[in-house]
Every structure is written in C-alpha cells, then in structure tokens.
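Reader: Hello! Could you take me on a close look at the strands and loops here, residue by residue, and tell me how the side chains sit?

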Amino acid sequence: MNQRNYTNTSNNSYNYEDYDHVHEVTGSTETFTECRDCHNHRFCTVSGRAIRTGNSHVHEVRFCTDTSDGHSHEFCDKTSTAIAVGNGKHVHYLKNRTESEDGHVHRLQAATQIESPTDFECKE
C-alpha cells in the first residue's frame, strides 16, 4: 500500500528531537454494502516507532480488524508525515483500504492520537 503525504498547514511548531515514540490508532472501517450482510469492522492498535523522512517522520501501522460477518481483515500502511496540533504535539493521518477477505475490502481513514498524551510535569 502507498504512503500518503499531507501538507502541514498549521502555524504551530513542533520538535522532532524524540523520534522514539508511537501513537495509538483506533477507528472503524467504512460499511461494506455490496453484499447480503452489510457490515463494518473496528480496529485498535499502536503504531510502530517513528521513521524519519525529510524534516518529519511517519509510522508504520499494522493490525487485524475485529471479526464481523464471520471474517476479519488485515491492514498495513504508513501514516502521513506529522501534523502539528499545538503545544509541541502532533498527529498523523491514515487513509487506505484493508486487505481483501471474503471477496471484498473496506476503506478506512483515521487520525492517530497525540503522542504521549499524559506527558506532563506533576506539581508537588
């Protein structure tokens, strides 16, 4: 599957000194309607560690969906480059389709969660 690149249009700055991080990824596939039993699938995973690319980075995302309509689907792709969301944090975008199973695929799109969401300093 092909890597997607998206332009960061945010004016927020972010720091890529720490490439040793991962992101949570959760979501649902689009509903497949071209069969007798319309259905979709859910997924929840953690991305691979950051892979440098230019001045940014991407992550590999692999998972197997839940079972629905008697089958599941595998997925493997790379995220977009980082998209700043403020306060030095960023997310990534993911859009593609699952592998074929039971004669069909499911399209999906998702954004990762921010890296280290509870990364803050505790007050004494």
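Author: Happily, and one definition comes first: a residue is buried under 20% relative accessible area, exposed over 50%, and partly exposed in between, using a 1.4 Å probe and protein chains only. This is a predicted model, in which local features need pLDDT of at least 70 and side-chain atom pairs count only at pLDDT 80 or more, while totals for chains, interfaces and linings use all residues. Residues are numbered from 1 along each chain as its sequence is written, and side-chain values use heavy atoms, with hydrogens and water left out.

Let us begin with a loop. D69 is found between β5 and β6 (74-78); helices (H or I, at least four residues) and strands (E, at least two) are DSSP runs, numbered from the N terminus. D69 counts as partly exposed because its relative accessible area is 34%. Its phi is near 55 degrees, a positive value in a residue other than glycine.

Next comes the strand before that loop. E60 belongs to β5 (residues 60-64) and is partly exposed, with a relative accessible area of 28%. Leaving aside residues up to four places away in sequence, E60 touches S47, G48, I51, C76, D77 and K78, where contact means heavy atoms within 4.5 Å. The side chain of E60 also makes a polar contact with that of R62, at 3.0 Å. Such a contact is a pair of N or O atoms within 3.5 Å; within protein, one must be able to donate a hydrogen and the other to accept it, and residues adjacent in sequence count only if both atoms are side-chain atoms.

Now for the core. The largest nonpolar core has 8 residues: V25, F43, V61, F63, F75, L94, L108 and A110. β5 and β10 (107-111) are the elements that give two or more residues to this core. A nonpolar core is a set of buried Ala, Val, Leu, Ile, Met, Phe, Trp, Tyr and Cys residues joined through side-chain atoms within 4.5 Å. With residues up to four places away in sequence not counted, the contacts of F63 include F43, F75 and L108.

Finally, the histidines. H90 sits in β8 (residues 89-91) and is classed as buried because its relative accessible area is 3%. Its side chain makes polar contacts with the side chains of H23 (3.2 Å) and H57 (3.2 Å). The C-alpha atoms of H90 and I114 are 5.6 Å apart, although 24 residues separate them along the chain.
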